[in-house]
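Student: I have a model open and some questions about how its parts fit together. Can we go through them one by one?

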Amino acid sequence: MSEDIEKVELRRLNIDDYQELRTTEEEAYRNWEGPAWDEQNIRTLLDIFPEGQLAVLVNDKVVGCALSLIVNYERFGDEHTYNEITGNMTFSTHNPRGDILYGIDVFIRPEYRGLRLGRRLYDARKELCEHLNLKGIVFGGRIPHYHKVSDELNPKEYIQKVKFKELYDPTLTFQLANDFHVKKVLRGYLPDDYESQEFAVLMGWDNIYFSKRGKQISQTKSIVRLGLVQWQMRHYPTVDDVFEQVEFFVDAVSAYQSDFILFPEFFNAPMMARYNQMSEPEAIRQLAQYTEECRERFVQLAISYNVNIITGSMPLIRDDKLYNVGHVCRRNGTYETYEKIHVTPDEVKSWGLSGSDKLKVIETDCGKVGVLICYDVEFPELSRLLAEQDMKILFVPFLTDTQNGYSRVRYCARSRAIENECFVAMAGSVGNLPKVSNMNIQYAQSAVFTPCDFAFPTNGIKTEATPNTEMILVADVDLDLLSELHAYGSVRNLRDRRTDVFDLRLKSGLIE
C-alpha cells in the first residue's frame, strides 16, 4: 500500500458512504460471487439499527465496515442459516428487545489489511454489545481456505489445526485471535460459498457485564475496600480488654467506609497468659472457652459498624478435638465459619491441634470470598478449589514468629493471586508475649496482592504495611478488573488449565 495514512476514523455508517462501501465490498470478496449489498439493504439497516452499522475510514475513505442486527436468539438457536437469521435479507428478524448482537458481515479492503482495522470493528461491536446490555455476539464465520484441504480434513479437524496454528485461515485465525470462541460447525450456512465448501463456523463472544432485564439490579459492588489490621501482641488480661482494642480498629477501618476488615490468626492469644502455669495444650484449650463469646461480639460489631469482619482465628474444641477456626461476620448479622485444614508440626507438638476437612466459599454482599489460615495458603490445591467456585478475594490471617516463616506465607500468597486470578489480603501480628508459652515473638508485614497484568501493579503488590509495626492498611480492589483479566489477560491461568490432562477435586468436606 503506497498511500500515506494521515487519519483513521471509526464511526457509524451513513447512506452517503454507500458507493465507497460497495467498492470496498467488491475488493474484499473478489474471490466469492455471493450476493452483494445493494443500497436498499443498507438503507433498511440504517433505519432499523443505525448504531449497529459501523464504518472504518482511512484518509476519509471507507475501507471497511461491520453490519449487525439484534435478534432474539432462542427463536433461532445454534442451527440456522444466513437467510433465516436475516429474514431473507429483509432484516425482519431484527428485534430491539432481543438478547444477542448478531454480526451479518465484516469486511476490509485487501490493501488495508494488516492495520488491525478489523480488530477496531470487532472491539467497537463488543463495546456496543456491553452498552446495550446484550448477552453476547454471535455470527457465522467463513473458512475461506478450507477448500484447499477439504479432501484431507473434515471441518472439525480443520478448525483444530487453525486453532493450534498448524494451518492459517484469514478469517477464522483472525476471529480466534479476537477472543471469539467456536460454538459449532454449520452446514449450508452460505450455499454459494465455495471457498468454505458451504460450511461456516458459528462463533460467539460472551458479554461478562450482562445483567438480566427485569431482575433487581445486583447489589454486588465493583470497587471493594479492604481494611487489614496488623495487630500488636500485648498484655490483654480479659475478653473486654481484647475487644476494647478490636473495636478501636473496627471503628477506625469503618470510618474509611471499608467493606471488610481482616484480623490475624490467634489474635486473642494474649489471654493465655493467665493460664501460663498450665501445659501448652491445656492453656490453649482454656482459651477456646471464649471463642463463642468472641464470635458474638464480632457479629455485633459487624452490624454496628456496617463492615464485614474476618475474625482471624481462634481455638475451638469439637468432639474433644482442638481446631483452629474463624468466622466471616457479615454486616447483615449472619456469619459463616472457616477452619484451618493443614496444621504445622509445631502446632501438633505444642498444642495437639487437629486439621479440619471443611473448605468453604463464602457469599458476601461484595461477592464470593475465601479464607485460608496461614499454613493453608502454602498448599495451592485449596485456593484453586475456591477459585473454581468463583472466589474473588482470598483472605489469609496468619501468625509467624520468624522472617523465614513469614516469607513462606507471603510468597505463597502472592502466587495464589497470580495463579487463581484473584486478590489476596494477608494480615498478621507483631510484638511479643513474654508470659505466654509457645508465643514468644511475632513477625509480620501485612499486604494486599494482585495478579500481574497490565491493569494491576507490575509486581503484584497493591499495598503493604510497615514491617513489625502496629497499624491498619486500607486498599481498594476492583473486581471488574478480575473479570476482564479472566477474558482478556495476557495469560489466563484459570481458562488455560489443561483439564483434559489433569483434574482436581475435594475428596471430603464441604465446598459451598
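Student: Which feature does UniProt place at residues 224–479?

Tutor: Bear in mind that this is a predicted model. The UniProt entry is unreviewed. The feature that the record places at residues 224–479 is "domain: CN hydrolase".

Student: How far apart are the end C-alpha atoms of residues 224–479?

Tutor: Over this stretch the chain is 29% helix and 29% strand. Its end C-alpha atoms are separated by 7 Å.

Student: Now the rings. How many aromatic pairs does the structure hold?

Tutor: A pair of aromatic rings is described by the distance of the centres and the angle of the planes. Centres within 6.5 Å make a pair. By that criterion the structure holds 24.

Student: What kind of aromatic pair do W231 and F249 form?

Tutor: Their centres lie 6.0 Å apart. The planes make 50 degrees. Stacked needs under 30 degrees and edge-to-face needs over 60, so the rest count as tilted. The pair of W231 and F249 is tilted.

Student: How many residues apart in sequence are the parts that this pair ties together?

Tutor: W231 belongs to strand β8 (residues 223–233), and F249 to helix α7 (residues 239–255). Both residues, W231 and F249, are buried. Because one ring is in the strand and the other in the helix, the pair ties together parts whose separation in sequence is 18 residues.

Student: And what type is the pair of F267 and F298?

Tutor: The ring centres are 5.6 Å apart. The planes stand at 75 degrees, so the pair of F267 and F298 is edge-to-face.

Student: Where in the chain do F267 and F298 lie?

Tutor: Both F267 and F298 are buried. Their pair links distant parts of the chain, 31 residues apart. F267 is in the loop between β9 (260–262) and α8 (280–287), and F298 is in helix α9 (residues 291–305).

Student: Which residues do ring pairs link into a cluster with W231?

Tutor: Both pairs we discussed have their residues in this cluster: W231 and F249, F267 and F298. The full cluster is W231, Y236, F243, F248, F249, F263, F267 and F298.

Student: How are α7 and α9 oriented to each other, roughly parallel or roughly antiparallel?

Tutor: Two packed helices are described by the angle between their axes and the distance between the axes. For α7 and α9 the axes are 11 Å apart, at an angle of about 25 degrees. The crossing is right-handed. Angles under 35 degrees count as roughly parallel, so α7 and α9 are roughly parallel.

Student: At what distance from the ring centre of Y323 does R318 lie?

Tutor: R318 sits over the face of the Y323 ring. The distance to the ring centre is 4.3 Å.

Student: Is K165 buried or exposed?

Tutor: Most residues other than glycine have a negative phi, and most peptide bonds are trans. Phi of K165 is positive, near 65 degrees. K165 is placed in the loop between α5 (155–163) and α6 (172–177). Its relative accessible area is 67%, so K165 is exposed.

Student: And E421, buried or exposed?

Tutor: E421 also has a positive phi, near 50 degrees. E421 is in the loop between α12 (403–419) and β17 (423–427). Relative accessibility is 2%, so E421 counts as buried.

Key. Residues numbered from 1 in each chain as written. Predicted model: local features only at pLDDT ≥ 70, side-chain atom pairs only at ≥ 80, totals over all residues. Heavy atoms only, no water. Helix = DSSP H or I, 4+ residues; strand = E, 2+ residues; numbered from the N terminus. Buried < 20%, exposed > 50% of the residue type's maximum accessible area, 1.4 Å probe, protein only. Lys NZ or Arg CZ within 6 Å of the ring centre and 35° of its normal. UniProt positions renumbered as here; feature names shortened; annotations may be inferred. Axes fitted to C-alpha atoms, helices over the stretch in contact; angles between N-to-C directions. Parallel < 35°, antiparallel > 145°, perpendicular 65-115°, else oblique. Left-handed = near helix turned anticlockwise from the far one by under 90°.
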